[in-house]
Amino acid sequence: MRFVGILFLTFCCLVSAGRAQDLASRVQRMEAAGNTAAARSLLARAVREHPGNAGFLKLYAEFLDQYHHEGAREAYRELAGKLANAGNEAGRAEVLRRLTLLDLLAGDRQAAARDLEAYHA
């Protein structure tokens, strides 16, 4: 029974990763065509329609970060929470490190201290 559970979880992760890769490809094509607004809308819709998909949220946060959008910090903060809930400590630490840097760039020392503390926890 335990084996079946592990197999199912592995299958779900692979399907989720495949869907994130497909979305990333579509976004890259839109960006190459100069349609960043449509790419952002596509990512936002994917996150809204699949709130449990951390892969979609990661793509969205990274997209916002790439374009220096103010919503990147909020997206990264939400992603850190999802990764913590999923037990992905390595991914969570990576996200918190980037979030701390963005907090500092935004001049938000309190948020940077809070995120750095979470990173070290």
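Student: What should helix α3 span at 1.5 Å a residue, and how far apart are its end C-alpha atoms?
Tutor: Keep in mind that this is a predicted model. Helix α3 covers residues 54-66, which is 13 residues. The expected span is 1.5 Å times one less than the number of residues, so α3 should span 18 Å. That agrees with the model, where the end C-alpha atoms are apart by 18 Å.

Student: Okay, and which residues of α3 are buried?
Tutor: To count as buried, a residue has to be under 20% relative accessible area. In α3 the ones that pass are Phe56, Leu57, Tyr60, Ala61, Phe63, Leu64 and Asp65.

Student: Which residue has a side-chain oxygen that reaches the backbone nitrogen of Gly55 at the start of α3?
Tutor: Look in the loop between α2 (36-49) and α3. A side-chain oxygen from that loop gets to within 2.9 Å of the Gly55 nitrogen. The backbone nitrogen of Phe56 also lies 2.9 Å from a polar side-chain atom of this residue. The residue is Asn53.

Student: Is Asn53 buried or exposed?
Tutor: The cut-off for buried is under 20% relative accessible area. Asn53 has a value of 8%, so Asn53 is buried.

Student: Now the other end. Which residue just after α3 takes a positive phi?
Tutor: Go to the loop between α3 and α4. The residue there has a phi of about 55°, although it is not a glycine. Its name is His68.

Student: Is His68 buried or exposed?
Tutor: A residue counts as exposed when its relative accessible area is over 50%. His68 comes in at 72%, so His68 is exposed.

Student: What about His69, how does it count at 30% relative accessibility?
Tutor: His69 sits in the loop between α3 and α4. Leaving aside neighbours within four places in sequence, His69 is in contact with Arg40 and Leu64. Buried stops at 20% and exposed begins over 50%, with another class in between. At 30%, therefore, His69 is partly exposed.

Student: Which helix gives the largest share of the lining of the second largest pocket?
Tutor: That pocket holds about 160 Å³ of space. Its lining includes Leu64, His68, His69, Arg98 and Leu102. α3, α4 (72-85) and α5 (89-105) each supply at least two lining residues. The largest share, three residues, comes from α5.

Student: What span should α5 have, and what is the distance between its end C-alpha atoms?
Tutor: There are 17 residues in α5, and the rise is 1.5 Å a residue. The expected span uses one less than the number of residues, so α5 should span 24 Å. The model agrees, with the end C-alpha atoms of α5 apart by 24 Å.

Student: Which helices do the buried residues of α5 pack against?
Tutor: First find the buried ones: Gly91, Arg92, Val95, Leu96, Leu99, Thr100, Leu102 and Asp103. After α5 comes Gly107, with a positive phi near 80°. As for the packing partners of those buried residues, they are α3, α4 and α6.

Student: Is Asp115 buried or exposed?
Tutor: Asp115 lies in helix α6, residues 109-120. Setting aside neighbours within four places in sequence, Asp115 is in contact with Arg77, Leu96, Leu99, Thr100 and Asp103. The relative accessible area is 5%, and the cut-off for buried is under 20%. So Asp115 is buried.

Student: How far apart are the C-alpha atoms of Ala113 and Asp103?
Tutor: Ala113 is also in α6, and at 45% relative accessibility Ala113 counts as partly exposed. Along the chain, Ala113 and Asp103 are 10 residues apart. The separation of their C-alpha atoms is 8.8 Å.

Student: Zooming out, how many helices and strands does the protein chain have?
Tutor: Read the elements from the N terminus on and you get α-α-α-α-α-α. That makes six helices and zero strands.

Student: What percentage of the residues in the protein chain is buried?
Tutor: The protein chain has 121 residues. It exposes about 8000 Å², and carbon and sulfur atoms supply 57% of that area. The buried residues make up 30%.

Note on methods:
Residues numbered from 1 in each chain as written. Predicted model: local features only at pLDDT ≥ 70, side-chain atom pairs only at ≥ 80, totals over all residues. Heavy atoms only, no water. Helix = DSSP H or I, 4+ residues; strand = E, 2+ residues; numbered from the N terminus. Buried < 20%, exposed > 50% of the residue type's maximum accessible area, 1.4 Å probe, protein only. Polar contact = N/O pair within 3.5 Å; in protein donor to acceptor, adjacent residues only side chain to side chain. Areas by Shrake-Rupley, 256 points an atom, 1.4 Å probe, with all protein chains shown as cover. 1 Å grid on protein atoms, 1.4 Å probe; cavity = no way out; pocket = protein on both sides within 12 Å on 5 of 7 lines; lining within 4 Å. Points joined across faces, edges and corners; volume = space filled by probe spheres on them. Contact = heavy atoms within 4.5 Å.
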